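These are my notebook entries on a structure that I examined strand by strand. I set down what I looked up, in the order in which I looked it up.

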Amino acid sequence: SGLTLQNSVVSDSWIGVHIESASPSLANNTIERNSSVGIWVRGVSPNTPITPSLSNNIVRENGNGVILSYASPLMTSNAFQNNTGYAISVGTASAPTMTGNTFAGNGTNGVSWASTLEANTTWAASAGPYVLNGQIPVQPGVTLTIEPGTVVKGLNSTSLLEVSGTLVAQGTAQAPIIFTSY
């Protein structure tokens, strides 16, 4: 949609920005001190995911930074700071494209992944560490590509990738892919 939120401060609410069934652009904002979530991005169907753009925002001191559901946003160069829960939580039927985001002092630093991969997805090293929050199925016909230098962490003993599709994870000597615990 044609909505743009730019150079603004959104603070001290339950949900800072709630995007539902729209694809606006959020750029150069500070989203802070919202008790539940800074930015909640929610589509209504896996057949029509929404694709908002979030760039150069500071998302800090919220309950959670960003929660995604049925959404495939472009998230570039956002700073996630001191959110008490997840910096980014990827939920149902979401496949964000992320690069250059930074994480500091969050309850869970990085990208918490808690949903089935239903579309081809690339995990880039520059997006931050990926935190597996439970069993993450990769559906038949779907490819998960993990780029060299990417860090993948299991949140607990039940965290794993269950690959029925394709996993492409080819690190290099200079940039190994690291699978470890949180």
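Entry 1: strand 20. I worked from a predicted model. I began with strand 20, residues 151-154, and asked which way its side chains point. Val 152 and Gly 154 face one side and are buried, whereas Val 151 and Lys 153 face the other side and are not buried. I noted the general rule that side chains in a regular strand alternate between the two faces of the sheet.

Entry 2: partners of strand 20. I next looked up the pairing of this strand. Strand 17, residues 130-132, pairs with strand 20 in the parallel sense, over three bridges. Within that pairing I found Val 131 opposite Lys 153. Strand 23, residues 178-181, also pairs with strand 20 in the parallel sense, here over four bridges. I recorded Ser 181 in strand 23 as the bridge partner of Gly 154.

Entry 3: an open sheet. I then turned to a sheet of five strands, which is open and has the order 2-5-8-11-14 with parallel pairing. Which strands stand at its edges? They are strand 2 (9-11) and strand 14 (102-104); each has a single partner strand, so one side of each lacks a neighbour in the sheet. From one strand to the next, the twist averages 10°. I checked strand 11 (residues 79-81) and found it joined to strand 14 by three bridges, in parallel. Phe 80 has Phe 103 in strand 14 as its bridge partner.

Entry 4: Ser 112. I located Ser 112 in strand 15, residues 108-113. Is Ser 112 buried or exposed? Its relative accessibility is 0%, so I entered Ser 112 as buried, the cut-off being under 20%. Apart from neighbours within four places in sequence, Ser 112 is in contact with Tyr 86, Ile 88, Ser 89, Val 90, Val 131 and Asn 133.

Entry 5: the nonpolar core. I looked up the largest nonpolar core, which has 34 residues. Ile 39, Trp 113 and Trp 123 touch the most other members. Among the elements that give two or more residues to this core are strand 3 (15-20), strand 6 (37-42), strand 9 (64-69), strand 15 and strand 17. Strand 12 gives the largest share, three residues.

Entry 6: Trp 123. I closed with the contacts of Trp 123, not counting residues up to four places away in sequence. They include Trp 113, Leu 117, Tyr 130, Leu 132, Leu 144 and Leu 161. Val 152, which I had entered as buried in strand 20, is also one of the residues that Trp 123 touches.

Terms used. Residues are numbered from 1 along each chain as its sequence is written. This is a predicted model: local features need pLDDT of at least 70, side-chain atom pairs count only at pLDDT 80 or more; totals for chains, interfaces and linings use all residues. Side-chain values use heavy atoms; hydrogens and water are left out. Two strands pair if DSSP finds at least two bridges between them. Axes are lines fitted to C-alpha atoms, for helices over the stretch in contact, and angles run from 0 to 180 degrees between N-to-C directions. Buried means under 20% relative accessible area, exposed over 50%, partly exposed in between (1.4 Å probe, protein chains only). Contact means heavy atoms within 4.5 Å. A nonpolar core is a set of buried Ala, Val, Leu, Ile, Met, Phe, Trp, Tyr and Cys residues joined through side-chain atoms within 4.5 Å.
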